[in-house]
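Grab the model in your viewer and work through these exercises with it open. Each task comes with a solution in small steps.

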Amino acid sequence: MFDVSVTDLGDSLYMIDAGMHDEPERLACYLFDTPNRVLIECGPSNVMPNLTAALASIGVEEIAAMVVTHIHLDHAGGAGHFAARFPEAEIGVHTAGARHLVDPARLWDSAERIYTPAGMLALWGPMDPVPEDRLRVLDEGSIIDLGGGRSLDVMYTPGHAKHHIVFSEERSGGMFVGDSVGIAFPHGHMVQPVTPPPDFDQPLVVGQLRRMAARQPGFVGFAHYGITEDAPRVFDEAEARIDEWVAFVESLGDDPDAADQLRSWVLGQYRSEGISEDDIDQYDRNTFWPMQATGIQRWLSLRDTA
Ligand SMILES: [Zn+2]
């Protein structure tokens, strides 16, 4: 079993390495160990043993609410399992994602088209429904009470997914951004876009990046993976890279090898920026290139037919 690790970030905030795919630094969950304990992200169902072990290691047996940034399986696939394991917990999700947690069949089918049926159970484990009466539907401006005078503030940030939200908390200064900014391996060293179909939308993503930046968070908490305190650089870099990626994919036209072309171009860029081969390998192994290319191509074709 994965050796669980929990990092104390201060201010009663913990970062939990969920050990996704039995590897470190694939998925971070964030726990506010406050009077009303709130966990951000539960991950796929196959990390539940890691997650419960991590929570037990800091003496946490009960959770008031588990909230997901969005319903992609690497963030919310285990929501039904989590609801069963923590029967007092509310399950918080954006209004556009709620019905998919209650009835995951459609979400599962659409993910199967990306990951193939064979890959699904191996990658994520099964997805159980969340009972409807356990759901807490969230949207721009929702407030999640942490107790002790603290709260999580919800922003609606579509662009990566149309059901994406991010959470901010004043005392810690944290903004927990899910996949709306990108991925950053290791430790916020560099931000890479995440552009999956069917929802990726360049101007929406960029607009939300600017809105998040305007809040001037003290640090950004990535789901993949960890925290970085240089928030302005993170938002600027995310925007610049998304623009570059979209321009590159657009320049390929209908090239059927767009995924391979994007991969070699991006990795070549990283090399020319002097990023180490180990780091480049980390990004490469954590990127599903066909998904990235298809998401951008889909958005370009929607834009051009609009
Ligand atoms: Zn993700």
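**Exercise 1: two cis peptide bonds**

In which loop does Pro198 lie? Locate it, then look at the peptide bonds in question, keeping in mind that this is a predicted model.

*Solution.*
- Step 1. Pro198 belongs to the loop between β11 (174-178) and α6 (202-214).
- Step 2. Check omega between Pro197 and Pro198: the angle is about 0°, and the peptide bond joining the two is cis.
- Step 3. Now go to the bond from His224 to Tyr225, which is cis too, with omega near -5°.
- Step 4. Tyr225 also sits in a loop, this one between β12 (219-222) and β13 (226-228).
- Step 5. Look at what flanks that loop: β12 and β13 run antiparallel and are joined by three bridges. Phe222 has Gly226 of β13 as its bridge partner.

**Exercise 2: positive phi outside glycine**

Find where Ser12 and Thr116 lie, and work out how exposed each one is.

*Solution.*
- Step 1. Read phi for Ser12: about 60°, so to speak on the positive side, although Ser12 is not a glycine.
- Step 2. Place Ser12 in the fold: the loop between β1 (5-10) and β2 (13-17).
- Step 3. Count neighbours. Ser12 has 18 other C-beta atoms within 10 Å. A residue is buried at 20 or more and exposed at 12 or fewer, so Ser12 comes out as partly exposed.
- Step 4. Repeat for Thr116, where phi is near 70°, again positive in a residue other than glycine.
- Step 5. Thr116 is not in a loop but in helix α5 (residues 105-124).
- Step 6. With 11 other C-beta atoms within 10 Å, Thr116 is exposed.

**Exercise 3: the seven-stranded sheet**

Trace the sheet that contains β1 and find which strands are at its edges.

*Solution.*
- Step 1. Walk across the strands. The order is β1-β2-β3-β4-β5-β6-β7, in an open sheet with mixed pairing.
- Step 2. Look for strands with a single partner. These are β1 and β7 (135-138), so each has one side without a neighbour in the sheet.
- Step 3. Compare strand directions: ignoring which way they run, neighbouring strands of this sheet are turned by 25° against each other on average.
- Step 4. For a parallel pair, take strand β5 (residues 65-67) and strand β6 (residues 90-94), which have three bridges. Met66 finds its bridge partner in Ile91 of β6.

**Exercise 4: β2 and its two neighbours**

Is β2 largely enclosed or exposed, and how does it pair with β1 and β3?

*Solution.*
- Step 1. Start with β1: it runs antiparallel to β2, and five bridges join them. One of the bridges to β2 links Thr7 with Met15.
- Step 2. Inspect the connection. β1 and β2 make a hairpin with two residues between them, and in the turn Asp11 has a positive phi of about 55°.
- Step 3. On to strand β3 (residues 28-32), which also pairs with β2 in the antiparallel sense, over five bridges. Here Leu13 has Phe32 as its partner in β3.
- Step 4. Sort the side chains of β2: Leu13, Met15 and Asp17 point one way, Tyr14 and Ile16 the other, and all are buried.
- Step 5. Draw the conclusion: five of the five residues of β2 are buried, so the strand is largely enclosed by the rest of the structure.

**Exercise 5: the second sheet and the whole chain**

Trace the sheet that holds β8, then zoom out to the overall dimensions of the chain.

*Solution.*
- Step 1. Six strands line up as β8-β9-β10-β11-β12-β13, forming an open sheet with mixed pairing.
- Step 2. Its edge strands are β8 (143-147) and β13, each pairing on one side only.
- Step 3. From one strand to the next, the twist averages 25°.
- Step 4. Zooming out, the chain has 10 helices and 13 strands.
- Step 5. The C-alpha atoms fill a box of roughly 50 × 40 × 40 Å along the principal axes.
- Step 6. Test for compactness: for 306 residues a compact globule would have a radius of gyration near 19 Å, and the chain's 18 Å agrees.
- Step 7. Check burial: 49% of the 306 residues are buried.
- Step 8. Finish with contacts. Of those between residues at least 6 apart in sequence, 68% join residues at least 24 apart.

Notes:
Residues are numbered from 1 along each chain as its sequence is written. This is a predicted model: local features need pLDDT of at least 70, side-chain atom pairs count only at pLDDT 80 or more; totals for chains, interfaces and linings use all residues. Helices (H or I, at least four residues) and strands (E, at least two) are DSSP runs, numbered from the N terminus. The radius of gyration is taken over C-alpha atoms; the globule rule is 2.2 Å times the number of residues to the power 0.38. Two residues are in contact if their C-beta atoms, placed from the backbone, lie within 7 Å. Two strands pair if DSSP finds at least two bridges between them. Axes are lines fitted to C-alpha atoms, for helices over the stretch in contact, and angles run from 0 to 180 degrees between N-to-C directions.
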